[in-house]
Amino acid sequence: MTAQPNPARQATLVALVGRPNVGKSTLFNRITKTRKAIVDPTPGVTRDRHYERVEWNDRPFILVDTGGIDTAPDDRMVTSIREQSMAAIEEADVICFLLDGREGLTRSDYEVTELLRRTEKPIYFVVNKIDSPELEATLLASFYELGADRLWPVAAEHGYGIKNFLDALVAGFKESGELPPLPENTISLAFLGRPNVGKSSLINRLVGEERMVVSNIPGTTRDSVDTMLATKHQNYLLIDTAGIRRKGKVQEKLEKFSVMRSLAALERADIALLVIDAEEGITEQDTKVIGYALEQGRACILVVNKWDLVKNDAKRQKQIREEISRLTGFVGFAPVLTVSALTGTGVAKLFPTVGQVYRQYNGSFSTGKLNRILQEATDSHPAGLYRGKRLKFYYTTQVTSKPPSFAVFTNYPKGVHFSYERYLMNTFREQLGLDKVPVRLFFRERQRRA
């Protein structure tokens, strides 16, 4: 085997910051078209960061909703929220500073502006709760006292000004350092997990030489680090990421926003390898990362490292397996491997499993075969009625691979019950041999003849 380092490339990370209750969560929901961030008039309700991939004008970025920056905190919770926001500022590529157009400028706004300017990062001053040209004329001028070259008036609640702001935002992105094209026959693997679970040690074991900095101090790897590994039959891009820390454990400056960098690394991966510590077991943070990988359509492998520490404890081994099965049922297809980066036990299984997963992940199927499967499935178990009419399924076709995704044409897409969707999904999985990867079905209405 030969290995060579490859420089990391990261997605653009945009942090949404500002005082409490200026509308950050509402703007986050507007831009991402979700309701993931809790919207509540009580200041400080957004206690954790929220991440979402956004694509605008064909430019993808990761938007982060943060808790409010309060420059005069009076309780421990406010201090914690402010620290998370400061973490966003520390690690983001671009900062979106949201202000309250109706409330006007406050002393805190001046103080936050000074704080942001120390970062020397691009800052967009966005003035919220302005939903008309008339309000722009009467409310916007005072905000120029912050020294901004330009202000962006928006109404997160109603959508006013959002398009103009996003057009300017993505147009201002710096071109990230593009990697040279990867060699053909390359599988990209992102190693994710909390600090000190052994991601770098596992990569070192795979490569067979010390390419990563390995330490028992959490946070050694701040950003993702790439290594190209060439074997006789396959090329691999191994992406080692910064550790994702559990809530309440994020203190050191360099680690505060490592989760953003780790999630950004998924943008370049085919398969996410979530590394779990056998001693500590799987955590809520681990399941969130798996969920994000699934949302992004990535294949997953769960790698339980440090298995040597429980090799003589059958009871603990059973507990770990049951816990992982219970908490990761939503990715029940993901293979689970037990390994020890320290001793090498089980590591030899990793690349063969990666190969199996990737072949399914990149699978391509003929329309004829897919239609035969659909016909047999609907004949043996017909769908129910929708508003008194029989659901009909006409044909299906594959729309993409990575992951395998299929469009199923029907007379009433909205009438397909989730249980029947699950039945069809399981049928496709079984008939196509897709038992280790995510599969997506899209129900579409067949165009009626004029």
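Which residue's side chain does the side chain of Glu 267 join in a polar contact of 2.7 Å? The partner is Arg 53. This contact belongs to a predicted model, and the paragraphs below pass from the chain as a whole to particular places within it.

The protein chain has 12 helices and 18 strands. Of its 450 residues, 53% are buried. Many contacts bridge long stretches of sequence: when contacts between residues at least 6 apart in sequence are considered, 71% of them join residues at least 24 apart. The surface that the protein chain exposes comes to about 21800 Å², and carbon and sulfur atoms supply 48% of that area.

Glu 267 itself lies in the loop that connects α7 (258-265) with β11 (271-277). Its C-alpha is 8.0 Å from that of Gln 296, although 29 residues separate the two in sequence. On the other side of α7 is the loop that follows β10 (235-240), and Thr 241 has its place there. Thr 241 counts as buried because its relative accessibility is 1%, below the cut-off of 20%. Between the C-alpha atoms of Thr 241 and Leu 192 the distance is 6.1 Å, with their positions 49 residues apart in sequence.

Strand β8 (residues 186-192) contains Thr 186. Is Thr 186 buried or exposed? Thr 186 is buried, since its relative accessibility of 11% is under 20%. Its side chain reaches the backbone oxygen of Pro 183 at 2.6 Å. Beyond the neighbours within four places in sequence, Thr 186 is in contact with several residues, including Met 228, Gln 234, Asn 235, Tyr 236 and Leu 237. Asp 270 and Tyr 358 are also among the contacts of Thr 186.

Another pair of strands brings in a cysteine. Strand β5 (residues 94-100) pairs with β6 in the parallel sense, and six bridges connect them. Within this pairing, Cys 96 has Tyr 124 of β6 as its bridge partner. Strand β6 (residues 123-128) is mostly covered, five of its six residues being buried. Cys 96 is likewise counted as buried, because its relative accessibility is 2%. Cys 300 is buried as well, with a relative accessible area of 3%. A disulfide is a covalent bond between the sulfur atoms of two cysteines. How many disulfides are counted in this model? The count comes to zero.

Towards the end of the chain, three strands form an open sheet with mixed pairing, arranged in the order β16-β17-β18. Its edges are formed by β16 (393-400) and β18 (440-445), each of which pairs on one side only. On average, neighbouring strands in this sheet are turned by 25° against each other, direction ignored. Strand β17 (residues 405-410) pairs with β18 in the parallel sense over six bridges. One residue-level example is Val 408, whose bridge partner in β18 is Phe 443. Helix α11 (residues 367-380) lies across β16 and β17, and the helix runs at about 140° to β16.

Definitions and conventions
Residues numbered from 1 in each chain as written. Predicted model: local features only at pLDDT ≥ 70, side-chain atom pairs only at ≥ 80, totals over all residues. Heavy atoms only, no water. Helix = DSSP H or I, 4+ residues; strand = E, 2+ residues; numbered from the N terminus. Buried < 20%, exposed > 50% of the residue type's maximum accessible area, 1.4 Å probe, protein only. Contact = heavy atoms within 4.5 Å. Areas by Shrake-Rupley, 256 points an atom, 1.4 Å probe, with all protein chains shown as cover. Polar contact = N/O pair within 3.5 Å; in protein donor to acceptor, adjacent residues only side chain to side chain. Disulfide = S-S within 2.5 Å. Pairing = 2+ DSSP bridges. Axes fitted to C-alpha atoms, helices over the stretch in contact; angles between N-to-C directions.
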